[in-house]
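Student: I would like a close look at one part of this assembly, treated carefully and connected to its surroundings.

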Amino acid sequence: MSGNALLAYGFILPSLLVFAVFMFYPLLYTVYLSFFEWNMIKPVKAFVGWGNYIALLQDPLTYVVLKNTFAYIVILLLLNCAAPYILAFILSFVIRRGRDFYKSAFFLPSVISLVVGSILYLWILNPISGPVAIIAKFFGITIPVWSKTQGLVIGVLSIITTWKVFGYNFIVLFGGITGVPQEVIEAAKIDNVPLHRIFLDIVLPMSSATGVYIFIMTIVQGLQYVFTPIKVVTQGGPDNASSNAIYNVYQEGFTLYHTGYASAFAIVTMVLFVVLLLAEFKYVEKGIYYEN
Amino acid sequence: MRIDREAQWHILLGGALLLSLLPIAFAIANSFKELSEAYNNVFSLIPEHPTIGNYLLVFSRLPLGQITANTFMVALAATVFKTVTSALAAYAFVYFDFRGKNVLYFILISTIFIPFTVTMIPNYLTISQLGFRNNIIGVILPQLSDATGIFLIRQAMRTIPRSLIEAARIEQAGHLKILASIVLPLIRPAVVSTGIMFFINSWNEYVWPVLILKDKVNYTLPLALQLFISSEGGTDFTIAMAVSVITMIIPLVLYLIFQRYIISTFTSSGVKG
Amino acid sequence: MKNVFLKLVSVGVLSTLLLAGCGQQSSPANPAGGQKTKIEYWHVNAETLGGKTIEELVKQFNAQNSDVEVVARYNPDMYKGLMQNLQAEVATGKSPAVVQIGWAFLDYFSNNFTYVEPQKLVDSFDQGDKTFLQDKFLPNVLGLAKNSKGSQVGIPYSLSTPVLYINRDLLRQAGLAENGPKTWEELVVFANTVKEKTGKYGLYIQEPADYWAQQALLESNGARMMTNGKASFASEEGIKAFEAYADMVLKTKSALHISWGEGVQSFVDGNVAMLYTTIAQRANVQKGAKFDVAAISSPAWQGKQPRLPAGGCFLAVTAKSEAEQKAAWKFVKFLYSIESMAAWTKGTGYVPPRKDVADAENGLKSFLAENKMMAAATSQMAGVVPWTSFPGDAGLQAEQMLLDSRDRILSGGISAREGLVQTQTKINELLK
């Protein structure tokens, strides 16, 4: 079908206009800024060439932040991609009662603001006097001071983020799994195929389009969502142990006013993301199960 | 045997559910406590001396009606605009052939990967030059450049057999008409669930409005929460909880009313290949 | 299905209209007539920390002055947040008239923004009261707002100092003097005893994203954060003081290393015996604590004088046109009247920076008599010193390095000595 090209552009134009002004222009401007030393207000921007990029590569903090970013990605994938996937599978094919109730209830927190969630969890998880600590004390367990503990802090901030993101991911995955015909599963059950094999060999491949979408969203949006608890709870501390690539750009740009350096860091982050996307695209085009 | 197993699952699921719902109960309970009770008995879900003082204080300090209306207008405008433009663009990407189609699609979709910190500074300058600072239009505009809608709706459109569209074309139907009367009804779950996601995200948007809005009468709800959280003077926890409840009450109530519809929409949309 | 969707949309539209209608009534009517100079006042005071007082003061001022209209704008995230907004505002070529600048940003602000020195404002717009600054402010207090080049950038406004809040019930339970420790050496003993006798924590020193309380700890032992523009906190005195602090956290586990919000919460609900934090937390502590709580002045180290960095902010005038500057000065002077100052202290817990407020009948006389906790702060004003802000554009980064090293030392990653020495070297390289 060869449509009218002009008409096609007309359909895309509204989106394109908004994107041009609020996405592509700012992006180019940020690329431009990344070659300067500037603090947003000085009348003169000092051109430093690749200076910011070189400084960035030489700064040990960059590698700490990238390592943290990677740790966030792994934890978020477990909590917000793998876990809701399994939950959706259990609700669809394993249990028989209460399906609708669970679906509604698990989605509920995802309508609430993450700022609210962060404040709430800061109190609930207070290791000295929060409810969780009181219960743990009852069993003779002392909760470590997670907000000041390397490693652990990333885990807890991820959990706070999960509270918000889980429901949406779960419900979308549930929708994806619904596409798998019930008869196939029933047949496998009659053949006594163990549940984990049904999940891995039948459900996962047959719902992979949805799976890949959630996989990508978990990484990309997850890292941006984590920004809120980082800002509210730890400000990147202790000793940058909870900072990720996105928070670090904010910290450099809006706390230390290294506008040029922050821009360079933002560009590097974006390039890493896009490389990830390219890899994903290759995979998507090859290994995905399409319903049609 | 089977029942035992099912019961085990229910215990597991119930536990997970409790974890995700308790914080909400906790917020509601503490918003009705006095500060000293919240500090000393943060655990209890039923306040010993229930008080609506926190709410009265918040209502006396903030034009909450206006703030809620602002939030609504921002969320509604962003949702409607984004859903419409996404559907239009997605339609073009699925049913038209034109030069640079794949490249353009790829470029648009790649923007999903751009962290918001990249565009923050230039966007602030743009909004200022347009004169939309301290104005909810300034909050809405940058939100509109979001490609997730194009992606989701395009994926849904691809599941519609092309023969249907071709048949309509032969009958001389215009593209807008095909989009409105054939395509959209077929993929309504995907469109509506995308819209719901837009609405929720926009309702809770926080970093950007903090930068743009100045006067209380222009605030959105997440900003109202900021007003009661101060690091230096300490956060008055019970008041913060009252504002939290006010912030979440509308999405929560809307969700509870329409939950069946929302859930069935989401589960029948999925993301198709 | 269609029905439900329609319902959803109509509920949304209806409630939007409804709420918009309600809101319209509450938005203020535009005052008509006259050539009014409209100026903006930027502050950081959340509703829980004087936001209400600001609103009342501005209202009062606007009612008294027909030629000036002040609009107050709240900036979230304290002085850092205000700085971010100011940065963005100035980048677009505009500027508010009066801004609150946190002490830590003194140097950065004066290097990068245009401001009018207060004496110049007096000379241009207030000929009749030429010695206002000298008459109404103590020199050491006024000096807080002088930058490293000696320019008077603004006038101190919100003043806070660190005090020690004590849980007397817990101290008594541990067999300790209920009036608390007098020196840091005693404080260490107190903290350890509380831990041994009651199992609860002895001390929490505030750890927000600044080094304020730690500066008080180090400088009260004779160390100096900076000497002649170079970092010098890693002196023997500084190291000794930080070692004592780190030992409480790491060896005897009697002090907590935790985020600020969590630490204050743990003191208020009775899990920590002593809390070293700003006087601005007084209202929160008083309202929340169910035990016998008191505040005492900052301890010094044995045989030394306490040196307490001033917290809070000063007011700087950033107005551009002459008309705006004139209006700004009128407003600033109003804020420094005895009545306004008293209202400010009552609403926030900050210590008044100008003279004559504490004893005046129309000032704070009766208030201070009733609020004993405030006395802990008002009585230690002699020991107030500037909050160190490292010079130049790298100053903010230097502060960040201090924060990182604090975390590293208190988590046991590095010894206090090594941590301080390393950080000092790094900062001095940065400042070159």
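Student: Does A:Tyr257 count as buried or exposed, and how many C-beta neighbours does A:Tyr257 have inside 10 Å?

Tutor: This is a predicted model, in which local features need pLDDT of at least 70 and side-chain atom pairs count only at pLDDT 80 or more, whereas totals for chains, interfaces and linings use all residues. Residues are numbered from 1 along each chain as its sequence is written, and chains are lettered from A and ligands numbered from 1 in the order in which they are written.

A:Tyr257 counts as buried, because 23 C-beta neighbours lie inside 10 Å (buried means 20 or more other C-beta atoms within 10 Å, exposed 12 or fewer, and partly exposed in between, with C-beta placed from the backbone). The residue sits in the loop that runs from helix 11 to helix 12 (259-287) of chain A (helices are DSSP runs of H or I with at least four residues, strands are E runs of at least two, and both are numbered from the N terminus). The backbone of A:Tyr257 has a phi near 60°, a positive value in a residue that is not glycine. Most residues other than glycine have a negative phi, and most peptide bonds are trans.

The second half of that rule has its own exception in chain A, since A:Gly237 and A:Pro238 are joined by a cis peptide bond with an omega of about -5°. A:Pro238 belongs to the loop between helix 10 and helix 11 of chain A, so the two helices that this loop connects can be taken up next. The axes of helix 10 and helix 11 of chain A come within 8 Å and cross at roughly 55° (axes are lines fitted to C-alpha atoms over the stretch in contact, with angles from 0 to 180 degrees between N-to-C directions). Helix 10 and helix 11 of chain A are therefore oblique to each other (under 35 degrees is roughly parallel, over 145 roughly antiparallel, 65 to 115 roughly perpendicular, and the rest oblique). On the helix 10 side of chain A, A:Leu223, A:Gln224, A:Phe227 and A:Ile230 meet A:Ala245, A:Ile246 and A:Tyr247 of helix 11 of chain A (contact means C-beta atoms, placed from the backbone, within 7 Å). By class, the residues of this contact divide into 6 nonpolar, 1 polar and no charged (Ala, Val, Leu, Ile, Met, Phe, Trp, Tyr, Cys and Pro are nonpolar, Asp, Glu, Lys and Arg charged, and the others, Gly among them, polar).

This pair of helices also leads to chain C. In that interface, 22 residues of chain A are in contact with 26 residues of chain C, and the elements of chain A that give two or more residues to the side touching chain C are helix 10 (208-234) and helix 11 (245-255). That side of chain A divides into 10 nonpolar, 9 polar and 3 charged residues.

Within chain C, 5 strands form an open sheet of mixed pairing in the order 2-1-3-13-4 (strands pair if DSSP finds at least two bridges between them). Strand 2 and strand 4 (155-160) of chain C are the edge strands, each pairing on one side only, and the twist averages 25° from one strand to the next. Strand 1 (residues 37-43) of chain C has 6 of its 7 residues buried, so it is largely enclosed by the rest of the structure. Strand 1 of chain C pairs with strand 2 (residues 68-74) of chain C in the parallel sense over 7 bridges, and C:His43 stands opposite C:Tyr74 of strand 2. Strand 4 of chain C, by contrast, runs antiparallel to strand 13 (residues 311-317) of chain C, with 5 bridges joining the two; C:Pro156 has C:Phe314 in strand 13 as its bridge partner.

A counterpart to A:Tyr257 is found in chain C, where C:Asn228 has a positive phi near 50° and is likewise not glycine. C:Asn228 lies in the loop between strand 7 (226-227) and strand 8 (230-231) of chain C, and C:Asn228 is exposed, with 6 other C-beta atoms within 10 Å, whereas A:Tyr257 is buried.

Turning to the contact between chain A and chain B, 81 residues come from chain A and 71 residues from chain B. Helix 1 (residues 5-33) of chain A gives the largest share of the chain A side, 17 residues, and that side divides into 57 nonpolar, 21 polar and 3 charged residues. Chain B itself comes to 14 helices and 0 strands, and 55% of its 273 residues count as buried.

Methods. Two residues are in contact if their C-beta atoms, placed from the backbone, lie within 7 Å.
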